[in-house]
Amino acid sequence: AALPRLGPAALGALLPRATPNFAAAVAYGRVRALAFAPSLLIVVLQSTALARRDVRAPLAAAGLSAFANLAGDALLVPRFGLAGAAAATTAAQVVALGAMLDASSRGDYLPGGVSAWRRAAGAPLRRVFKDGAPIVAALAAKTSVLLALSYAAATAAAARGNLADLAAHQILVGLYFVFAPVGDALSQTVQTFLPRSVATDRAAEAAEVADAPAQLRDAPPAPTSSRRTASRSLGPSSRAVVRGAVAAAVALGGLDALLASALPARLPFLFSADPAVAAALRETAPYLGAALLVHGLSSAAEGTMLATRDAGVLGALYAVDA
C-alpha cells in the first residue's frame with residue numbers, strides 16, 4: 001500500500017524530476033505496485049502446485065495471463081500509454097491469481113474451512129518460518145546490497161549526465177529478468193522431484209536393512225556423527241535427479257545465456273535508437289550472458305539444498321553472496 005506513495009520519492013532520488021517521461025515512469029510504478037500482493041500469492045500457489053506435481057494449473061494460469069496481457073495492451077496502451085501497459089500487466093496477474101485460486105480449490109491445496117485455516121496458522125506456519133528464516137534473512141541482505149549498488153550506480157550516472165549508461169543498465173536488468181525464469185524453473189523442478197527420490201532411496205535402504213542377516217541387524221549402531229553424515233548423503237535415485245538438473249542447467253542455461261546476450265550485442269537498436277545506448281549495450285552484453293549461465297547452475301544447487309532442507313547452508317551462501 002505504501003509503494004504507490006513512495007514511488008515518486010524513490011524515483012526522484014535516482015533521476016531529476018525534469019527527466020523526460022519521469023511522470024510516465026511514476027504512473028507505471030504506481031499501477032504495477034497494485035499487483036505486488038497478487039504476484040506473491042501466485043508464486044506461492046505455483047510452488048504448491050509443482051510440489052504436488054501438478055504442472056497443468058500453472059501452465060493454464062500462465063496462458064490465461066498472457067492472453068489477458070495481450071488483450072489489455074491492445075485496448076489500453078493506445079489510449080493511456082505506459083500507464084495502460086502497467087494496467088494490462090496488473091490485470092493479467094490478477095487473472096492468473098484467479099486461475100490458481102480456482103485450481104487450488106479444486107485440488108485441495110488450501111484449507112477448507114475456518115478451523116482448517118486456524119490449524120494451518122499454528123505449527124505448520126511456525127515450521128515454515130523456522131525453516132525459511134535463514135533464507136529470507138540472507139535474501140533480504142542480498143537484495144539490500146543489490147539495491148544499494150544499483151542506487152549508487154544510477155545516482156553516479158545521473159550526476160554525470162551519462163544517461164546512456166543508465167538506460168543500458170535498465171535494459172540489461174529487464175532482459176535478465178525476462179530470461180532468468182529458465183534458471184528458476186530448474187530450481188523448482190529439483191524441489192519437486194528430489195524429495196520423492198530421497199524417500200525412495202530411504203525406503204530401499206530400509207528394505208536392505210530388513211533383508212540383512214540377523215547378525216548385521218543386531219550389530220551396535222554407528223556413532224552419531226557417522227549416522228548424521230549418512231543421512232545427509234544422497235542415494236542413487238536422488239543423485240540421478242541432481243545430475244539431470246546440473247546437465248539441464250549447463251544445456252538450458254548456456255542456450256539461455258547465448259540468446260540473452262545476443263539480443264543486445266547483435267540487435268541493440270531493438271531496445272534504443274540512441275547510438276550511445278546501443279554502444280553501451282554491445283559492451284556489457286557478455287556480462288548478461290555470464291550472469292544467466294551462473295544463475296542456471298546456482299538455481300540447480302539452490303533447489304537441491306531446499307529440497308534436502310539444508311536451509312542453514314543456503315542462507316550462509318546467500319549472505320556471502322550479498
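Of the 322 residues in this chain, 30% are buried, where buried means under 20% relative accessible area, exposed over 50% and partly exposed in between, using a 1.4 Å probe and protein chains only. Before going on, some housekeeping: this is a predicted model, so local features need pLDDT of at least 70 and side-chain atom pairs count only at pLDDT 80 or more, while totals for chains, interfaces and linings use all residues. Residues are numbered from 1 along each chain as its sequence is written, and side-chain values use heavy atoms, with hydrogens and water left out.

The fold is easy to list: 14 helices and zero strands. Here helices are DSSP runs of H or I with at least four residues, strands are E runs with at least two, and numbering starts from the N terminus. As for contacts (heavy atoms within 4.5 Å), take those with a separation of 6 or more: 74% of them join residues 24 or more positions apart.

Now for two helix pairs. Two packed helices are described by the angle between their axes and the distance between the axes. The axes are lines fitted to C-alpha atoms, for helices over the stretch in contact, and angles run from 0 to 180 degrees between N-to-C directions.

H3 (residues 36–51) packs against H5 (residues 82–106) at about 35 degrees, with the axes 9 Å apart. Their crossing is left-handed, meaning that the near helix is turned anticlockwise from the far one by less than a right angle; clockwise would be right-handed. On the H3 side, the contact residues include Leu41, Ile42 and Leu45, and on the H5 side they include Ala96, Leu97 and Met100. By class, this contact has nine nonpolar, four polar and no charged residues. Ala, Val, Leu, Ile, Met, Phe, Trp, Tyr, Cys and Pro count as nonpolar, Asp, Glu, Lys and Arg as charged, and the others, Gly among them, as polar.

H8 and H12 come within 10 Å, axis to axis, and cross at roughly 150 degrees. They are therefore roughly antiparallel; that label covers angles over 145 degrees, with under 35 roughly parallel, 65 to 115 roughly perpendicular and the rest oblique. This crossing is right-handed. Leu172, Leu175 and Phe179 of H8 meet Asp256, Leu259, Ala260, Leu263 and Pro264 of H12, a set with seven nonpolar, no polar and one charged residues.

On to the cores. A nonpolar core is a set of buried Ala, Val, Leu, Ile, Met, Phe, Trp, Tyr and Cys residues joined through side-chain atoms within 4.5 Å. The largest has 14 residues, and Val277, Leu281, Leu288 and Leu292 have the most contacts inside it. Helices H8 (163–179), H12 (236–266) and H13 (275–307) each give two or more residues to this core, and H8 brings the largest share, six residues. Leaving aside neighbours within four places in sequence, Leu288 is in contact with Leu172, Leu175, Tyr176, Ala260, Ser261 and Pro264. A second, separate core of ten residues includes Ile42, Ala57, Ala96 and Ala99.

Finally, here are two individual residues, with sequence neighbours up to four places away left out of the contacts.

| Residue | Helix | Relative accessible area | Contacts |
|---|---|---|---|
| Ser237 | H12 | 29%, partly exposed | Ser197, Thr200 and Asp201 |
| Ala92 | H5 | 1%, buried | Ser65, Ala68 and Asn69 |

The C-alpha atom of Ser237 is 9.4 Å from that of Ala199, 38 residues apart along the chain. For Ala92 and Ala35, 57 residues apart along the chain, the C-alpha separation is 9.4 Å.
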